[in-house]
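Hi,

Here is the structure I said I would pass on. Have a look at it first, and then read my notes below.

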Amino acid sequence: MIFIFLTCAKQAYFVNSFVKHINTSIIMKPTHIEHIGIAVNSLADAIPFYEKVLGVKSYSIEEVADQRVRTAFFMIGQTKIELLESTDPEGPVGKFIEKRGEGIHHIAYAVESIEERLKEAEAAGIKLIDRQPRRGAEGMSIAFLHPKSTFGVLTEFCEDKNKRK
Ligand code: CMX
């Protein structure tokens with residue numbers, strides 16, 4: 001009993017010390033995971049795994065010149081998989097693959113009122129890559145938080161302004 005109590009107390013101590021630099025009174029409440037971005041060397045090589053092995057059809061292939069990537073999207077439930085092929089070795093995905101190889105590149109959360117969410121994130125002490133949203137794939141408004149502020153995970157906020165009432 002004492003052992004369980006000590007273990008729980010130790011865990012609570014570590015969790016508290018881990019998050020103490022963040023203003024935890026801010027609650028952004030993403031509605032869902034909009035997509036998971038996966039960096040690949042080649043869309044042509046990666047798409048067959050998703051289509052033939054997982055059995056999900058790519059519904060869109062789009063170049064996002066601003067981000068120096070070509071993307072392929074798959075819908076799985078409410079969440080998409082976004083494959084990212086670099087169009088420039090000096091772009092964010094080109095550099096990522098050069099350093100780390102293929103793999104999970106970012107997680108995108110669907111949020112409402114993205115401009116407000118960015119202000120809140122900045123107020124919470126999180127380093128922003130984009131202080132203002134920009135246009136991403138599928139016409140979404142997107143903005144990134146720096147992975148050094150988000151425990152090593154490149155984090156994207158994403159809002160479909162066309163869905164706004
Ligand atoms: N996830 C986690 N860490 C990452 C990362 C990622 N995706 N990309 C880079 N890093 C880390 C690097 O490993 C490196 O860490 P160390 O200092 O410990 O080695 C550090 O961040 C700096 O990396 P870098 O290679 O020097 O790259 P930059 O600082 O020039 O850029 C980043 C990093 C995240 C600021 C840049 O990639 C960026 O602005 N990303 C946002 C835009 C983007 O990724 N667009 C592509 C997707 C677009 C879409 O979905 O449509």
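I'll start with strand β7 (141–145), where S141, A143 and L145 point one way, I142 and F144 point the other way, and all of them are buried. That makes five buried residues out of five, so β7 is largely enclosed by the rest of the structure. Before going further, keep in mind that this is a predicted model.

What does β7 pair with? On one side there is β6, joined to β7 in the antiparallel sense over two bridges, with R135 opposite S141. The hairpin of these strands has five residues between them, and E138 takes a positive phi there, near 60°. β8 is the other partner: it runs antiparallel to β7, and five bridges join the two. One of the residue pairs to look for is I142 with its bridge partner C158 in β8.

Now the sheet as a whole. It is open, has eight strands with mixed pairing, and its order is β2-β3-β4-β1-β5-β8-β7-β6. β2 and β6 (134–135) are the edge strands, each pairing on one side only. Going inward past β8, you get to strand β5 (residues 103–110), which runs parallel to β8 (residues 155–159) with four bridges between them. Y109 stands opposite F157 in β8. With β1, β5 pairs in the antiparallel sense instead, over seven bridges; there, H35 has A108 of β5 as its bridge partner.

For the overall layout, the protein has four helices and eight strands, and along the sequence they come in the pattern α-β-α-β-β-β-α-β-α-β-β-β. Of its 165 residues, 38% count as buried. If you take the contacts between residues at least 6 apart in sequence, 56% of them join residues at least 24 apart.

Two of the helices are worth a closer look.

Helix α2 covers residues 43–54, so 12 residues, and spans 15 Å from its first C-alpha to its last, close to the 16 Å expected at 1.5 Å a residue. Which residues of α2 are buried? They are L43, A46, I47 and Y50. Around the axis they take up an arc of only 105°, which puts them on the same side of α2. The other side has A44, D45, K52 and V53, which are exposed. The cover over the buried residues of α2 includes β1 (32–40), β2, β3 and β4 (79–86). Both ends of the helix have something to check as well. At its start, a side-chain oxygen of S42 comes to within 3.3 Å of the backbone nitrogen of A44. Just after its end, G55 has a positive phi of about 80°.

Helix α4 (residues 114–123) can be read in a similar way. Its buried residues include I114, R117, L118 and A121. Down the axis, the buried residues of α4 fall within an arc of 100°, so they line one face of the helix. K119 and A123 are on the other side of α4, and they are exposed. Among what covers the buried residues of α4 are β7 and β8, and that brings us back to the strand I began with. After α4 comes G125, with a positive phi near 90°.

Last, the aromatics. How many aromatic pairs are there? The count comes to three. In one of them, the rings of Y59 and F73 have centres 6.1 Å apart and planes at 35°, so this pair is tilted. It links distant parts of the chain, with Y59 in strand β2 (residues 58–64) and F73 in strand β3 (residues 69–76), 14 residues apart. Buried or exposed, what about each ring's residue? F73 is buried, with a relative accessible area of 1%, while Y59 is partly exposed, with 39%. There is also an aromatic cluster, formed by F49, Y50 and F74. You have met Y50 already, as one of the buried residues of α2.

Those are my notes; tell me what you make of it.

Cheers

Definitions and conventions. Residues are numbered from 1 along each chain as its sequence is written. This is a predicted model: local features need pLDDT of at least 70, side-chain atom pairs count only at pLDDT 80 or more; totals for chains, interfaces and linings use all residues. Side-chain values use heavy atoms; hydrogens and water are left out. Rings of Phe, Tyr and Trp (its six-membered ring) pair if their centres lie within 6.5 Å; planes under 30 degrees apart count as stacked, over 60 as edge-to-face and the rest as tilted. Buried means under 20% relative accessible area, exposed over 50%, partly exposed in between (1.4 Å probe, protein chains only). The expected span of a helix is 1.5 Å times one less than its number of residues. The arc is that of the directions from the helix axis to the C-beta atoms. Contact means heavy atoms within 4.5 Å. A polar contact is a pair of N or O atoms within 3.5 Å; within protein, one must be able to donate a hydrogen and the other to accept it, and residues adjacent in sequence count only if both atoms are side-chain atoms. Two strands pair if DSSP finds at least two bridges between them.
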